[in-house]
Amino acid sequence: MSAYDERASYDPRSMTRLSLLVELASTLAREIDLDAWLASAAHALASAMSAERASIWLVDAEEGDLVTRVAVLPEVPALRQRIGAGVVGTVARSAEVLRIDDASRDPRFDPSADRVTGFTTRSILAAPIREDASAPVRGVVQVLNASAGSFDAEDAAYLEVLGRELGRALAMTTLRPDDASGPGLVLRGPFNRIVGRGAAMEAVYERVGLAAQTDATVLLRGETGTGKTLLARAIHVNSPRRDGPFVTVDCTTLPPQLVESELFGHERGAFTGADRRVRGRVEMASGGTLFLDEIGDLPPEIQGKLLRFVQDRVFERVGGRETLRADVRLLCATHHDLERAVDEGRFRRDLYYRIRVLEIEVPRLASRGPDEIERLARHFADLYAKRHGRPEPRFEEDAIDVLRAHAWPGNVRELEHWIESALVLAPDGVIRRSRFPAQRGGAEPKREARDAVVLAPNQKLDDAMREYVRATVQALGGNRSEAARRLGVSRNTIARAMRG
Ligand SMILES: Nc1ncnc2c1ncn2[C@@H]1O[C@H](COP(=O)(O)OP(=O)(O)OP(=O)(O)O)[C@@H](O)[C@H]1O
């Protein structure tokens, strides 16, 4: 990436755009919640494109239409559009970028979505989502209302590249039959890449399968990085609520004063800065599942309000008088010793009993045995070799020995990071023990480590940057100096990208 960003600070717009490509590439491999990933991609995209809205539509092959996976507006359920009709339908069929400056005058624009959302579409830019020109169109990415009035050719070139990156990312999230395992549990959906068939996990799968059949509140327990979030998602996608939303709240990352409003929403004027009514996660999860991660960290003042919700499914928005109801299934996770927290008065006993209707204890990685560790290592090796454009991965023999013997205090997440870094450092795809981090063993790693991005040369990303530079030059009629100025990079950088 370095070749492209040497003078990038000159132009904040291209910086944002480049960093969005980086972000897409580095976050997807770890994200199993496709909707959450697409939502953050759309959000970042709207801001990078200086647009009012961004939406991502995916082809629903069964229905023969396109469906929004990212709610355009939180209040509105998924929108659908027939392939061939409307702007996104046209793009899905033609597989070509479409730019419209004034929607009201364009016959391809279908105003029915605006009627549902209450939004007024003016300018539109839409690009197909597919990894390359020979691949099938997987969806359409669309941005609406350029702050400059209309989108330009450079915007179009960028969105086209981004559509390809999204296509690559989606192509990688396809389930391989080998990954879904566990007796009695058929994992639905392509986004639950759960690996493991050892005896230790069998009990877990059995409970996950049973939990999925009911609406019972579940408490997933286990050390950090053992896969609690992944399993919560599996319960949701295997449950009758699978077509409803799966909404996560991480109780550790929120400052206590915001937790209540995050969970239950707030009314306009509820506190300084609350200039409009905001729905909480509970409302967003209506009809689906709410996953409360690290419930042990929930501030005491909110525990009572949560208890009321758990018991009666009723709540009030912050600053609101109206009592509201939400049809939500609750899943909770914790790595804390909740019994101790109850004894020490940090966690309400009544809430504790309410949330542990069904408990699932997720075992530490080391206790699942060396074969399971190796299986996971090989799974991550395949995954990240594809992601980073490495050849078919191979393990040096003693690298496998080290992995099988390590204590894995950070569990599956730690193993995943080891394999990813080793592969990034191995253009030949050979995973060597010398590339593993110095092994300290012992203490549980800090939770923050989960978001660490491995910064290293990333071939795919370089390709994407190169395509972006080329597309920009092309959009500017071959004018390299102008492209260099717009992208905030040197002419040499442009020349290198055109050669590379
Ligand atoms: N059995 C598995 N198969 C494939 N990937 C797994 C498995 N278990 C965990 N992972 C991966 O390991 C990482 C950590 O898993 P996850 O986030 O679900 O752990 P967690 O227990 O929720 O951690 P924390 O308590 O820190 O939130 C994720 O990238 C997840 O996809």
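Two strands count as paired if DSSP finds at least two bridges between them. Keep that rule at hand for the sheets on this tour. The model is predicted.

**Whole chain**

Start with everything shown. The protein chain has 18 helices and 17 strands. It holds 500 residues, and buried residues make up 40% of them. Now consider contacts between residues at least 6 apart in sequence: 68% of these join residues at least 24 apart.

**Stop 1: the six-stranded sheet**

Select β4 (98-100) and β5 (124-129). Three bridges join these two strands, which run antiparallel. Find Leu98 and look across to β5: its bridge partner there is Ala126.

Now widen the selection to the full sheet. Six strands form an open sheet in the order β3-β2-β1-β6-β5-β4, and the pairing is antiparallel. Which strands stand at the edges? They are β3 and β4; each has a single partner strand, so one side of each lacks a neighbour in the sheet. On average, neighbouring strands here are turned by 20° against each other, direction ignored.

**Stop 2: helix α3 on that sheet**

Add helix α3, residues 86-94. α3 lies across β1, β2, β3, β4, β5 and β6, and runs at about 35° to β5.

Show its side chains next. Which residues of α3 are buried? Gly86, Val87, Val88, Gly89, Val91 and Ala92 are. These buried residues pack against β1 (51-60), β2 (65-68), β3 (80-82), β4, β5 and β6 (139-146).

Step just past the end of α3 to Ala95. Ala95 sits in the loop between α3 and β4. Its phi is positive, about 60°, although Ala95 is not a glycine. Is Ala95 buried or partly exposed? Ala95 has 16 other C-beta atoms within 10 Å, so it is partly exposed; the cut-off for buried is 20 or more.

**Stop 3: the five-stranded sheet**

Move to β11 and β14. Strand β11 covers residues 289-293 and strand β14 covers residues 329-334; the two pair in the parallel sense over five bridges. Pick Thr289: it stands opposite Arg329 in β14.

Expand to the whole sheet. It is open, with five strands in the order β8-β11-β14-β7-β15 and parallel pairing. At the edges are β8 (246-250) and β15 (358-361), each pairing on one side only. Neighbouring strands of this sheet are turned by 20° against each other on average, direction ignored.

**Stop 4: helices α6 and α7**

Keep β7 and β15 on screen. Add helix α6, residues 199-213. α6 lies across β7 (218-221) and β15, and runs at about 150° to β15.

Add helix α7, residues 228-237. α6 and α7 pack with their axes 8 Å apart, at an angle of about 40°. The two helices are therefore oblique to each other. α6 passes α7 in a right-handed crossing.

Which residues of α6 and α7 meet? From α6, select Val204, Val208, Ala211 and Ala212; from α7, select Leu231, Ala234 and Ile235. The residues of this contact divide into seven nonpolar, no polar and no charged.

**Stop 5: helices α13 and α15**

Finish with another helix pair. Select helix α13 (residues 370-387) and helix α15 (residues 411-424). Their axes come within 9 Å and cross at roughly 45°. That makes α13 oblique to α15. The crossing of α13 past α15 is right-handed.

Show the contact side chains. On α13 they are Ile373, Leu376, Ala377, Phe380, Ala381, Tyr384 and Ala385. On α15 they are Val412, Leu415, Glu416, Ile419, Glu420 and Leu423. How many of the residues in this contact are charged? Two are charged, 11 are nonpolar and none are polar.

Last pick: Asn411, in helix α15. Asn411 has a positive phi of about 55°, although it is not a glycine. Asn411 has 24 other C-beta atoms within 10 Å, so it is buried.

Note on methods
Residues numbered from 1 in each chain as written. Predicted model: local features only at pLDDT ≥ 70, side-chain atom pairs only at ≥ 80, totals over all residues. Axes fitted to C-alpha atoms, helices over the stretch in contact; angles between N-to-C directions. Helix = DSSP H or I, 4+ residues; strand = E, 2+ residues; numbered from the N terminus. Parallel < 35°, antiparallel > 145°, perpendicular 65-115°, else oblique. Left-handed = near helix turned anticlockwise from the far one by under 90°. Contact = placed C-beta atoms within 7 Å. Nonpolar A, V, L, I, M, F, W, Y, C, P; charged D, E, K, R; others polar. Buried ≥ 20, exposed ≤ 12 C-beta atoms within 10 Å, placed from the backbone.
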